[in-house]
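Visitor: I'd like a quick walk through this one. Can you take me round it?
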Amino acid sequence: MQGGHVANDQSTGELPLLSVRSLSKLFGSFKACDGIDLDIGHGEIHALLGENGAGKSTLVKMLFGILAPSAGSISWQGTDTLVANPAAARRLGIGMVFQHFSLFEALTVAENIALSLDEKISIADLSKKAAELSIAYGLPLDPDAHVADLSVGERQRIEIVRALLQNPKLIILDEPTSVLTPQEADRLFETLFKLRAEGRSVLYISHRLEEVQRICDRATVLRHGKVTGVCDPRQETPASLARMMVGAEVAGVEKVEPPADGALQLEVTSLSVSPRSPFAMPLKSVSMTVRAGEVLAIAGVAGNGQSELFDALSGEYPVESADSIRIRGQSVGRLGINARRLLGAGFVPEERHGHAAVPAMSLSENLFLSRNASDRKAYLAGGKLGLIRHGLVQQAARRISEMMDVRKSGDDPAAGSLSGGNLQKFIVGRELDRQPSVLVVNQPTWGVDAGAASRIRQALVDLAKSGSAVVVISQDLDEIFEVATSIAAISEGKLSQAHPAGSMNREKIGILMGGMHGLETAHAH
Amino acid sequence: MRIELERRPRQSALFAIVSPLLALALTVVFGGIMFALLGKDPVSALYSFFIEPLLEVWSLHELAIKAGPLILIAVGLSVCYRSNNWNIGAEGQFTVGAITGSLLPIVFYEWHSPLLLPLMMVMGALGGAAYAGIPALLKTRFNTNEILTSLMLVYIAQLFLDWLVRGAWRDPGGYNFPQSRSFVSEAVLPEILSSSGRAHWGFAFALIAAVAVWLMMRYTLKGFQIVVLGQSERAGRFAGFSSRGMVWFSMLFSGALAGLAGISEVSGSIGHLQPSISPGYGFTAIIVAFLGRLNPLGIVAAGLVLALTYLGGEGAQLSIGVSDKVTRVFQGLLLFFVLSCDTLILYKVRIVFDRGRKLAGRSAS
């Protein structure tokens with residue numbers, strides 16, 4: 001795979017391109033990175049593996065000059081270096097593609113690229129150069145297109161071309177495939193192979209084991225800010241990599257087959273919603289049915305209408321037509337979220353802080369947040385006065401924490417003080433505790449550590465087993481295969497037909513996610 | 001070298017208590033410097049400003065008279081601010097409450113009845129609420145900013161009062177002075193302890209309101225809604241609470257308390273309407289609300305402190321001959337220091353000595 005001169009570089013025993021020794025970063029008393037060693041050779045794709053909060057982002061921010069290290073050294077091609085800021089990093093030959101893009105939607109591709117360059121260059125020259133580069137690396141891009149009209153995958157290409165214009169020796173990519181369909185990801189990998197063949201190095205940050213094994217030559221694994229292993233990912237199994245990441249064996253999810261004819265619990269018919277803001281996605285005639293015992297997973301790349309669908313299903317934003325959504329046979333389209341909860345539905349939104357929970361409030365108050373209407377009889381006293389029975393609510397919060405194994409400091413701490421995974425376990429547990437007959441969950445394990453994710457997924461499967469209908473909206477294909485009994489995909493506000501999970505594979509889902517509905521046309525392709 | 005603010009992992013309980021005291025101390029220090037610059041002896045000036053008013057019974061009564069409206073208004077505002085609605089126009093609602101509450105004793109001045117006083121109080125509260133309803137309507141209907149609308153309405157209310165007492169409601173037997181008829185005795189809010197001084201029931205209203213709101217915030221669903229919607233509108237929507245409903249509730253509630261404060265002041269302390277009925281209670285109450293950390297019981301303490309600055313300012317005018325603007329300066333200093341000291345609750349201050357700025361330049365070249 002490696003180009004000739006690259007092999008030479010390594011055989012002559014030349015110093016690594018980048019070498020990091022006992023690099024640490026402290027935030028107050030918290031060690032985000034704790035004595036990290038990392039070597040990146042010439043012409044290799046090096047994976048940086050770790051769960052959320054393992055210190056990956058902090059580490060690369062230090063490499064790119066965004067954060068100053070508290071201790072340790074960075075050496076670049078054998079010389080000790082202090083990367084003062086991103087401009088200095090770019091001059092050294094380090095380029096970075098962030099997980100969250102920084103692009104102006106109203107400007108063209110070329111204008112956006114020009115904004116990031118340190119030296120002055122005319123837009124026309126730049127367009128030409130960008131076009132050449134994008135062709136050379138298989139990243140088709142029209143320099144005159146407006147960013148607002150581009151897909152997420154295309155936007156990522158702008159960022160990559162932007163980095164390539166600096167002719168970098170090392171490119172850092174932060175979770176690049178989290179916004180791509182499997183097909184788009186394949187394309188990106190080809191670009192990475194081209195870069196490697198030219199002797200450039202890539203630092204590839206990810207928590208997706210499968211792709212790391214596919215494309216990376218070496219991997220450094222982080223856990224709690226420390227290096228827990230350096231390996232060749234191809235020599236490892238997903239289980240052994242996961243063990244290095246998590247520090248323990250991760251339980252697989254046990255699935256059961258759904259009963260063939262469960263009662264119809266959730267029915268959506270030709271649901272159309274016009275966008276509330278200029279950047280929202282309209283829903284276009286969405287239909288689905290979910291029966292008791294079924295887990296319907298809705299796959300899709302972020303920003304294709306998932307949150308709009310959740311808002312409509314939950315009733316946070318009721319829709320115009322009452323009949324377009326039915327919960328247990330009742331038309332609920334125009335009802336608010338609490339009326340739907342009273343019919344036995346439960347909801348878990350994507351964003352934990354400020355939507356599913358108020359960070360500054362205690363866990364018990366956050367329990368009351370979603371159940372103030374559905375458990376009115378239990379938790380409120382004094383009739384019109386509406387006195388909250390804090391004691392009972394706290395008891396229930398304790399019960400839920402125990403059931404879901406929520407690790408916390410203190411009896412009833414502020415929700416914001418919990419880690420993402422523990423808070424998510426609580427938020428999911430808060431709904432499970434009610435035994436909802438319909439549960440709608442948006443991105444249930446987004447940014448959650450592997451242990452908590454597996455527990456949450458098992459809980460969703462168990463809920464369906466006990467006779468509830470579950471809808472899981474997710475971007476994570478591994479998760480979808482773990483929990484789903486049937487799978488649909490959402491693309492540009494349109495929902496595909498649902499297919500039995502057994503009949504689906506990554507390629508088929510990818511095609512659905514790309515918006516080509518109906519597998520027949522896809523096969524002909 | 002640079003100064004860094006570092007977020008604390010959790011709120012510092014110590015600084016939550018120390019911060020207001022630190023702010024008070026800093027206010028006194030800088031007030032002393034101000035007096036020194038004015039050529040007065042700082043120690044004796046501060047003594048006559050902050051200590052003297054507390055030494056006599058009659059002046060404690062005056063303190064209660066001044067603290068009453070401040071506390072009553074600030075308690076209402078605390079509900080508003082906790083719910084993330086920014087009513088800045090309490091002064092206007094105070095004025096309108098005073099006008100609507102005075103309608104009966106001025107227009108129907110021959111009516112004598114024990115019902116008169118309660119009706120006046122109710123009408124004052126309704127008037128204040130209705131006036132606060134205007135920014136609420138504008139916010140919910142047209143998404144206007146309630147900070148601006150409520151503030152601008154203050155000046156409309158003040159000029160309307162001015163027009164009334166110079167025109168339609170001027171006392172026919174008042175030698176053309178710009179003031180209304182004096183209230184009949186049934187329309188005057190009685191003193192709490194008439195034997196020792198003139199503090200009236202307005203102060204009692206304030207204490208009752210403070211305790212009631214404290215109970216509401218702590219124990220009821222309504223209080224929960226207020227806090228949730230104030231922290232995150234989206235989480236409030238998820239809980240099924242209406243943020244639009246909360247705009248109405250918080251504005252009307254704070255307007256009603258400001259209106260009640262207005263009619264209590266006019267009925268209890270002044271006895272008629274005149275062009276100016278408030279030394280800026282509605283604005284000072286904003287400081288009171290924040291100095292009391294938006295907690296009704298804290299507001300009682302804060303209201304007493306701010307009332308002392310009014311009283312001390314009046315005393316200092318006479319005894320050491322400084323302008324009454326000094327009062328405003330003290331209030332401004334206090335708010336400034338309260339807000340800045342609050343930073344210490346959430347952040348630690350650290351001084352960082354930067355290592356190797358020069359090195360960075362070398363490596364980049």
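Guide: What follows goes chain by chain, then to the contacts and the core.

Guide: This is a predicted model, in which local features need pLDDT of at least 70, side-chain atom pairs count only at pLDDT 80 or more, and totals for chains, interfaces and linings use all residues. Residues are numbered from 1 along each chain as its sequence is written, while chains are lettered from A and ligands numbered from 1 in the order in which they are written.

Visitor: How many helices and strands in chain A?
Guide: Chain A has 19 helices and 23 strands. Both are DSSP runs numbered from the N terminus: helices are H or I with at least four residues, strands are E with at least two.

Visitor: What is the radius of gyration of chain A?
Guide: It is 25 Å for chain A, close to the 24 Å that the globule rule gives for 525 residues, so the chain is as compact as a globular protein of that length. The radius is taken over C-alpha atoms, and the rule is 2.2 Å times the number of residues to the power 0.38. Along the principal axes, the C-alpha atoms of chain A fill a box of roughly 75 × 55 × 40 Å.

Visitor: And what share of chain A is buried?
Guide: Of its 525 residues, 48% count as buried. Buried needs 20 or more other C-beta atoms within 10 Å of the residue's own, exposed means 12 or fewer, and partly exposed is in between; C-beta atoms are placed from the backbone.

Visitor: Which domains is chain A divided into?
Guide: Domain 1 (4-93 + 168-246) and domain 2 (264-358 + 414-524). The bounds come from an automatic or database domain assignment. The centres of the two domains of chain A, taken over C-alpha atoms, are 34 Å apart.

Visitor: How many residues does each domain put into the contact?
Guide: Domain 1 of chain A gives 11 residues and domain 2 of chain A gives 13 residues. Two residues are in contact if their C-beta atoms, placed from the backbone, lie within 7 Å.

Visitor: Which elements supply the domain 1 side?
Guide: Helix 7 (182-197) and helix 9 (238-246) of chain A each give two or more residues. Helix 9 of chain A has the largest share, three residues. That side divides into six nonpolar, four polar and one charged. Here Ala, Val, Leu, Ile, Met, Phe, Trp, Tyr, Cys and Pro count as nonpolar, Asp, Glu, Lys and Arg as charged, and the others, Gly among them, as polar.

Visitor: Switching to helix 15 of chain A. Covered or not, how many of its residues are buried?
Guide: Helix 15 of chain A is mostly covered, with 12 of its 13 residues buried. Those buried residues pack against strand 16 (345-348), helix 12 (363-371), helix 14 (390-404), strand 19 (438-442) and helix 16 (450-465) of chain A.

Visitor: What should helix 15 span?
Guide: At 1.5 Å a residue, the 13 residues (420-432) of helix 15 of chain A should span 18 Å, and the end C-alpha atoms are 18 Å apart, which agrees. The expected span is 1.5 Å times one less than the number of residues.

Visitor: Is Ile511(A) buried or exposed?
Guide: Ile511(A) is buried, because 22 other C-beta atoms lie within 10 Å. Its place is in helix 18 (residues 506-513) of chain A.

Visitor: On to chain B. How many helices and strands there?
Guide: Chain B has 14 helices and two strands. Its radius of gyration is 23 Å, which agrees with the value near 21 Å for a compact globule of 365 residues. Of the 365 residues of chain B, 46% count as buried.

Visitor: Where is Glu56(B)?
Guide: Glu56(B) lies in the loop between helix 2 (42-51) and helix 3 (57-82) of chain B. Glu56(B) counts as exposed, because it has 11 C-beta neighbours inside 10 Å.

Visitor: How many residues of each chain are in contact?
Guide: 22 residues of chain B are in contact with 28 residues of chain A. On the chain B side, helix 8 (221-231), helix 9 (233-238) and helix 14 (357-364) of chain B each supply at least two residues. Helix 8 of chain B has the largest share, five residues. The chain B side divides into 11 nonpolar, six polar and five charged.

Visitor: Last topic. Which residues have the most contacts inside the largest nonpolar core?
Guide: Ile172(A), Leu460(A), Ile71(B), Ile73(B) and Val288(B), in a core of 257 residues. A nonpolar core is a set of buried Ala, Val, Leu, Ile, Met, Phe, Trp, Tyr and Cys residues joined through C-beta atoms within 7 Å. Helix 3 of chain B gives the largest share of this core, 14 residues.
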